[in-house]
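Work through the exercises below with the structure open. Try each task before you read its solution.

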Amino acid sequence: MKHLAIASLTFVSTLSFAQTAFEHAYQSIDKETYTTHIKTLSSDEFGGRAPASEGEEKTIDYLTQHFKSLGLQPGNGNSFTQEVPLVSITATAKTDLTIGDLSFKYGSDFVVNSATLNEKVSIKNSELIFVGYGVVAPEYNWNDYAGIDVKGKTVVILVNDPGYATQNPQLFNGNAMTYYGRWTYKYEEAARQGAAAAIIVHETAPASYGWNVVESSWSGAQFHLPTSETNAKVVDLEMWLTEAATRSVFEKAGLNFDLLKQQAMKPGFKPVAINLKASAAIESKIAHSKSYNIMATIPGKKAPDEHILYTAHWDHLGTDTAKEGDQIYNGALDNATGTAALLMIAKAFKTAAPTDRSITFVAVAAEEQGLLGSKYYAAHPVVPLNKTVGVINMDSVNVSGLKKNMTVVGFNKSELQNYLEQAAKRQNRELVAEAKPERGGFYRSDHFSLAKKGVPAIYAGGGSEASNEEQAKLAEKVSAHTSRCYHNLCDEFRPDIWSLESAIADLQVFFETGFILGNTSDWPNYYEGTEFKAIRDASMK
């Protein structure tokens, strides 16, 4: 009995030590250090952190030095970086878009880009075809290109998908956007159909952002992965057109835009010729460059080949020298908050007792250009995908006040949600679905690149209910600022209105989620009925 008592005492002491170490780690995610990281990364000195810029070099140096100082190991063999080949396309001349005898100005009426990697690209007298939502989805028995050949023509496409448009829960995914609603899909499908150009009609509600976001995001250099990395067809010209300009085109053609929108929401929709021709041209400077994903790891003590990944994109929109006054897109909320979060959670893991599994941090490049850094990583994973237990992604951390609950973007997609739920209980928070699934948030950040490969991913933060009246008022103020400054010059570090306490609370939940999973032998999967489960199942055989 004496030996048993000693053994029990030793076990309790060990448990107590581990618990104390965890609590200390949990509290090590502190406001002062987090503030310093955000303030530095979003400062003018970093120039808006554009890929392949001096701002990128500063970002790599900053993150690498801090990962080293925390005692993390290089995440890519002997290197803290993974090279990402990029092709930048900078428009040097753009013509107006003409449709019939109508003319539309670049910026105020339309934007244009070309992913062809050719210096001069144009369409001339290209026939216009309205293809509704531009969706080909056999699983929904839906084909907006049925019965028409659009090769060499210009297709006009509505944003989002029929489920959102009708609010019919039996159509697509109802109000929640599917990947078919994403603008990237629209161009991809148009290219597969052989179209010369594609015009997406901008409407604020279904797009979930205003025209200013489209205009600012399409200014300056546009980055792509080399065609050798994608092997995908592209249309010659990718365009967005304002709703007002679109209505004038349909009116000129003698068509009722609203009526055709209603028809496009119904199964069996047939494309409609607009009977007008479009012309536009763009001249660009093509340059090959390199950007870098930044990686650091903490090896696991029992299963070091099994990794939990924390991801956040370090890049933003850079500097626009054509603007007067402020020219720097500082990207403080989007995504200096997430980039700094990687450092804070790394600090917490180094403070805690080592986990059984490895914890790896990946600050990915060129997210603002179409998730390019994470797409490259997913195609060239440093950690094999079937050894990647799950991904916890952080993109624009909650600074809008403390919450009673926590929002999960893409609710009930992945079993990772179970571990997040357990971690959130420490703060007496329950998990809730996102308020506006029609925005397609799950498909708009870096975890999606890995989700498409079957890796379970969680993207969460903030919440729908403020913890008290004071925090609710703060949330209103922050929301108004964020809506105005998203992808705009005013996304700057704002400690005067931000609640960094709420950000810290979320980071603590994310830390504990990985800590719990890192000390199990569980392999969470996607739930039945989700689009990624079969891919995960196949990869794990």
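**Exercise 1. What is the packing angle of helix α3 and helix α11, and which residues meet?**

Solution. This is a predicted model.
- Step 1. Locate the helices: α3 covers residues 54–70, and α11 covers residues 332–351.
- Step 2. Take the geometry. The axes lie 10 Å apart, at an angle of about 10 degrees.
- Step 3. Classify. Angles under 35 degrees count as roughly parallel, so α3 is roughly parallel to α11.
- Step 4. List the contacts. From α3 come Tyr62, Leu63, His66, Phe67 and Leu70. They meet Thr339, Leu342, Leu343, Ala346, Lys347 and Lys350 of α11.
- Step 5. Sort by class. The contact of α3 with α11 has 7 nonpolar, 2 polar and 2 charged residues.

**Exercise 2. At what angle do helix α2 and helix α16 cross, and which residues meet?**

Solution.
- Step 1. Locate the helices: α2 is residues 31–41, and α16 is residues 500–518.
- Step 2. Take the geometry. The two axes come within 10 Å and cross at roughly 100 degrees.
- Step 3. Classify. The range for roughly perpendicular is 65 to 115 degrees, so α2 is roughly perpendicular to α16.
- Step 4. List the contacts. α2 contributes Lys31, Tyr34, Thr35 and Ile38. α16 contributes Leu500, Glu501, Ala503, Ile504 and Leu507.
- Step 5. Sort by class. The contact of α2 with α16 divides into 6 nonpolar, 1 polar and 2 charged residues.

**Exercise 3. How many disulfides does the structure hold? Describe the geometry and the exposure of the cysteines.**

Solution.
- Step 1. Count. There is 1 disulfide.
- Step 2. Name the partners. Cys485 is joined to Cys490, with an S to S distance of 2.1 Å.
- Step 3. Recall the chemistry. A disulfide is a covalent bond between the sulfur atoms of two cysteines.
- Step 4. Assign handedness. The torsion about the S-S bond of Cys485 and Cys490 is about -110 degrees, so this disulfide is left-handed.
- Step 5. Check exposure. Cys485 has a relative accessible area of 2%, so it is buried. Cys490 has 22% relative accessibility and counts as partly exposed. The cut-off for buried is under 20%.

**Exercise 4. Where do Asn125 and Leu371 sit, and are they buried or partly exposed?**

Solution.
- Step 1. Take Asn125. This residue is in strand β6, residues 120–130. It is not a glycine, yet its phi is positive, about 50 degrees.
- Step 2. Check its exposure. Asn125 has a relative accessible area of 47%, so it is partly exposed.
- Step 3. Take Leu371. This residue lies in the loop between β17 (357–364) and α12 (372–379). Its phi is positive too, about 60 degrees, and Leu371 is not a glycine.
- Step 4. Check its exposure. With a relative accessible area of 9%, Leu371 is buried.

**Exercise 5. Which peptide bond is cis at Asn335?**

Solution.
- Step 1. Find the bond. The cis peptide bond runs from Asp334 to Asn335, with omega near 10 degrees.
- Step 2. Place the residue. Asn335 is in helix α11.

**Exercise 6. How many residues of helix α5 are buried, and what do they pack against?**

Solution.
- Step 1. Count. Helix α5 spans residues 183–192, and 7 of its 10 residues are buried.
- Step 2. Name them. They are Thr184, Tyr185, Lys186, Tyr187, Glu189, Ala190 and Ala191.
- Step 3. Conclude. With 7 of 10 residues buried, α5 is largely enclosed by the rest of the structure.
- Step 4. Find the partners. The buried residues pack against strands β7 (136–137), β9 (154–158), β10 (197–202) and β12 (237–242).
- Step 5. Look just past the helix. Gly194 takes a positive phi of about 90 degrees.

**Exercise 7. Which residues does Ser414 touch, not counting residues up to four places away in sequence?**

Solution.
- Step 1. Place the residue. Ser414 is in the loop between β19 (405–408) and α13 (416–424).
- Step 2. Check exposure. Its relative accessibility is 2%, so Ser414 counts as buried.
- Step 3. List the contacts. With those places left out, Ser414 touches Pro456, Ala457, Asn525, Tyr526 and Tyr527.

**Exercise 8. How many helices and strands does the protein chain have?**

Solution.
- Step 1. Count. The chain has 17 helices and 21 strands.
- Step 2. Judge compactness. The radius of gyration is 24 Å, close to the 24 Å that the globule rule gives for 541 residues, so the chain is as compact as a globular protein of that length.
- Step 3. Check burial. Of the 541 residues, 57% count as buried.

Definitions and conventions
Residues are numbered from 1 along each chain as its sequence is written. This is a predicted model: local features need pLDDT of at least 70, side-chain atom pairs count only at pLDDT 80 or more; totals for chains, interfaces and linings use all residues. Side-chain values use heavy atoms; hydrogens and water are left out. Axes are lines fitted to C-alpha atoms, for helices over the stretch in contact, and angles run from 0 to 180 degrees between N-to-C directions. Helices (H or I, at least four residues) and strands (E, at least two) are DSSP runs, numbered from the N terminus. Angles under 35 degrees count as roughly parallel, over 145 as roughly antiparallel, 65 to 115 as roughly perpendicular and the rest as oblique. Contact means heavy atoms within 4.5 Å. Ala, Val, Leu, Ile, Met, Phe, Trp, Tyr, Cys and Pro count as nonpolar, Asp, Glu, Lys and Arg as charged, and the others, Gly among them, as polar. A disulfide is a pair of cysteine sulfur atoms within 2.5 Å. Buried means under 20% relative accessible area, exposed over 50%, partly exposed in between (1.4 Å probe, protein chains only). The radius of gyration is taken over C-alpha atoms; the globule rule is 2.2 Å times the number of residues to the power 0.38.
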